[in-house]
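Welcome, and please take a moment with the sequence and the 3D view below. We will walk through the helices and the spaces between them step by step.

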Amino acid sequence: MKEIVVANDLSAAKEPEQSILAEVRSQGYCENCTFAVKLALEEAITNAYRHGNKGDPNKKICIRYEVTPDRIEIEIHDEGEGFCPDEVPDPTLPENIDRPHGRGIMLMRAYLDVVEFGPAGKSVRLVMNRK
């Protein structure tokens, strides 16, 4: 897998995003697949920046990825304290509908084949298989 480590800065994270999306396109994935990967990647990086590293500019975000003709796999690691995905409120419940947060994990799961969180809650693994 390729690895890119960036400062905990959303603008700095655009470079690996563009690299990954360029590889996705070069492998011939369709526009819908490219959109899904872009959306999931942005959500995961935003979560690492905001919730994991809590905006701390001294922390880093590590992005590992591999794009093949059959599969796209991306891992995003932060340096935060971790979280338990089971404790994230369900954004589809009536009491959470008006909350401005909590939809990133739901979107990643809707668009990708695999969304797995590391045991310490400091990483997420995203996989899309070519259909």
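What follows is a short tour of helix packing, then of a cavity and a pocket. Please keep in mind that this is a predicted model.

Let us begin with a word on how such packing is described. Two packed helices are characterised by the angle between their axes and by the distance separating those axes.

Start with helix H1, which covers residues 14–26, and follow its axis to that of H2: the two come within 10 Å and cross at roughly 160°. Angles over 145 degrees count as roughly antiparallel, so H1 is roughly antiparallel to H2. The crossing of this pair is right-handed. On the H1 side, the contact is made by Lys14, Glu17, Ile20, Leu21, Val24 and Arg25, while H2 brings Glu31, Thr34, Val37, Lys38, Leu41 and Glu42. Sorted by class, the residues of this contact are 5 nonpolar, 1 polar and 6 charged.

Now turn to the partnership of H2 with H3. Their axes come within 9 Å and cross at roughly 150°, and H2 and H3 are therefore roughly antiparallel to each other. This crossing is left-handed. From H2, the residues Phe35, Ala36, Leu39, Ala40, Glu43, Ala44 and Asn47 meet Gly104, Ile105, Leu107, Met108 and Tyr111 of H3. What classes make up this contact of H2 with H3? It has 9 nonpolar, 2 polar and 1 charged residues.

Next, look for enclosed space. A search of the whole structure turns up 1 cavity of 30 Å³ or more, and the largest cavity has a volume of about 40 Å³. Its lining is made of Val37, Ala40, Leu41, Ile72, Ile74, Leu112, Leu126, Val127 and Met128. Two or more of these residues come from each of H2, strand E3 (71–77) and E5. The lining of the largest cavity counts 9 nonpolar residues, with no polar and no charged ones. You may recognise some names here: Val37 and Leu41 belong to the contact of H2 with H1, and Ala40 of H2 takes part in the meeting with H3.

Our last stop is the largest pocket, with a volume of about 600 Å³. Which residues lie nearest the centre of this pocket? They are Asn47, His51, Phe83, Val88 and Ile105, out of 29 lining residues. Asn47 and Ile105 also appear in the contact of H2 with H3. Helix H2 (31–52), helix H3 (104–111) and strand E5 (123–129) each supply at least two residues of the pocket lining. H2 gives the largest share, 8 residues. By class, the pocket lining splits into 11 nonpolar, 10 polar and 8 charged residues.

As you turn the model, try following H2 from place to place: H2 contacts H1, meets H3, and helps to line both the largest cavity and the largest pocket.

Key: Residues are numbered from 1 along each chain as its sequence is written. This is a predicted model: local features need pLDDT of at least 70, side-chain atom pairs count only at pLDDT 80 or more; totals for chains, interfaces and linings use all residues. Side-chain values use heavy atoms; hydrogens and water are left out. On a 1 Å grid over the protein atoms alone, a cavity is a set of points where a 1.4 Å probe fits but cannot get out, and a pocket is an open set with protein on both sides within 12 Å along at least five of seven lines; lining residues have an atom within 4 Å of a point. Grid points are joined across faces, edges and corners, and a volume is the space filled by probe spheres set on the points. Helices (H or I, at least four residues) and strands (E, at least two) are DSSP runs, numbered from the N terminus. Ala, Val, Leu, Ile, Met, Phe, Trp, Tyr, Cys and Pro count as nonpolar, Asp, Glu, Lys and Arg as charged, and the others, Gly among them, as polar. Axes are lines fitted to C-alpha atoms, for helices over the stretch in contact, and angles run from 0 to 180 degrees between N-to-C directions. Angles under 35 degrees count as roughly parallel, over 145 as roughly antiparallel, 65 to 115 as roughly perpendicular and the rest as oblique. A crossing is left-handed if the near helix is turned anticlockwise from the far one by less than a right angle, and right-handed if clockwise. Contact means heavy atoms within 4.5 Å.
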